[in-house]
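Welcome! Open the structure in your viewer and work through the exercises below, trying each task before you read its solution.

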Amino acid sequence: MANNVIKETILSMSAQRAPDKTVCPSEIARAMFPQDWRKHMKEVRAAAVELQQAGKVEITQKSEPVDVNNIKGPVRIKFIAPRS
């Protein structure tokens, strides 16, 4: 599946949450690839990192921003609303 489709799904699912809520990368993978979601986790995380670098989401661990070059363990994705 194309990286852009994964990015769109991340943005859509994270934007649907309340402003202070996050989404787990596994939720994205399960929604997109229900039969074999685990094998797509790297793709989802990579797309989330690209979105963070573009300023569209924030990746956190224990509610704190994480260095995307050194992710270890579970993370959460938070939508960043565009500024008008």
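A residue counts as buried when its relative accessible area is under 20%, as exposed when that value is over 50%, and as partly exposed in between. Keep in mind throughout that this is a predicted model.

**Exercise 1. Leucine 51**

Task: Decide whether leucine 51 is buried or exposed, and find which residues it touches beyond those up to four places away in sequence.

Solution:
- Step 1. Locate the residue: leucine 51 sits in helix H3.
- Step 2. Apply the cut-off. Leucine 51 has a relative accessible area of 4%, and a value under 20% means buried, so leucine 51 is buried.
- Step 3. List the contacts. Not counting residues up to four places away in sequence, leucine 51 touches Lys7, Ile10, Leu11, Lys56 and Val57.
- Step 4. Check one distance across the sequence. The C-alpha atoms of leucine 51 and isoleucine 77 are 9.9 Å apart in space, while the two residues are 26 apart in sequence.

**Exercise 2. The largest nonpolar core**

Task: Find which members of the largest nonpolar core touch the most other members, and which element gives the largest share of residues.

Solution:
- Step 1. Pick out the members. This core has 20 residues, and those touching the most other members are Ile6, Ile10, Ile28, Val44, Ile59 and Ile77.
- Step 2. Assign them to elements. Two or more core residues come from each of helix H1 (3-15), helix H2 (25-32), helix H3 (41-53) and strand E1 (57-61).
- Step 3. Compare the shares: H3 provides the largest, with 5 residues.
- Step 4. Follow one member outward. With neighbours within four places in sequence left aside, valine 44 is in contact with Ile6, Ile10, Pro25, Ile28 and Ala29.

**Exercise 3. How two helices cross**

Task: Describe the crossing of H1 and H2 by its angle, its class and its hand.

Solution:
- Step 1. Take the axes. Those of H1 and H2 come within 10 Å and cross at roughly 120°.
- Step 2. Classify the angle. Roughly perpendicular covers 65 to 115 degrees and roughly antiparallel begins over 145, so H1 is oblique to H2.
- Step 3. Add the hand: the crossing of H1 and H2 is right-handed.
- Step 4. Name the residues that make the contact. H1 contributes Val5, Ile6, Thr9, Ile10 and Met13, and H2 contributes Glu27, Ile28, Ala31 and Met32.

**Exercise 4. Salt bridges around glutamate 27**

Task: Work out how many salt bridges the model has, and which residues are joined into one network through shared partners.

Solution:
- Step 1. Count them: there are 4 salt bridges.
- Step 2. Take the pair of glutamate 27 and arginine 17, whose side chains meet at 2.5 Å, N to O. Glutamate 27 belongs to helix H2 and arginine 17 to the loop between H1 and H2, so this salt bridge ties together parts 10 residues apart in sequence.
- Step 3. Turn to arginine 76, which also forms a salt bridge with glutamate 27, with the closest N and O atoms 3.9 Å apart. This pair links distant parts of the chain, 49 residues apart: glutamate 27 in helix H2 and arginine 76 in strand E3 (residues 76-79).
- Step 4. Look at accessibility. Glutamate 27 is partly exposed at 26%, arginine 17 is partly exposed at 30%, and arginine 76 is partly exposed at 31%.
- Step 5. Consider another pair. Lysine 39 and aspartate 36 form a salt bridge with their closest N and O atoms 3.5 Å apart; lysine 39 is exposed at 61%, whereas aspartate 36 is partly exposed at 33%.
- Step 6. Combine the pairs: salt bridges with shared partners join Arg17, Glu27 and Arg76 into one network.

**Exercise 5. Positive phi angles in a loop**

Task: Find where lysine 62 and serine 63 lie, and give the phi angle of lysine 62 and of serine 63.

Solution:
- Step 1. Recall the background: most residues other than glycine have a negative phi.
- Step 2. Read the angles. Phi is near 50° for lysine 62, a positive value, and near 65° for serine 63, also a positive value.
- Step 3. Place the residues. Lysine 62 is in the loop between E1 and strand E2 (64-65), and serine 63 lies in the loop between E1 and E2.
- Step 4. Check exposure. Lysine 62 is exposed, with a relative accessible area of 81%, and serine 63 is exposed at 66%.

Key. Residues numbered from 1 in each chain as written. Predicted model: local features only at pLDDT ≥ 70, side-chain atom pairs only at ≥ 80, totals over all residues. Heavy atoms only, no water. Core = buried A, V, L, I, M, F, W, Y, C linked by side-chain atoms within 4.5 Å. Buried < 20%, exposed > 50% of the residue type's maximum accessible area, 1.4 Å probe, protein only. Helix = DSSP H or I, 4+ residues; strand = E, 2+ residues; numbered from the N terminus. Contact = heavy atoms within 4.5 Å. Axes fitted to C-alpha atoms, helices over the stretch in contact; angles between N-to-C directions. Parallel < 35°, antiparallel > 145°, perpendicular 65-115°, else oblique. Left-handed = near helix turned anticlockwise from the far one by under 90°.
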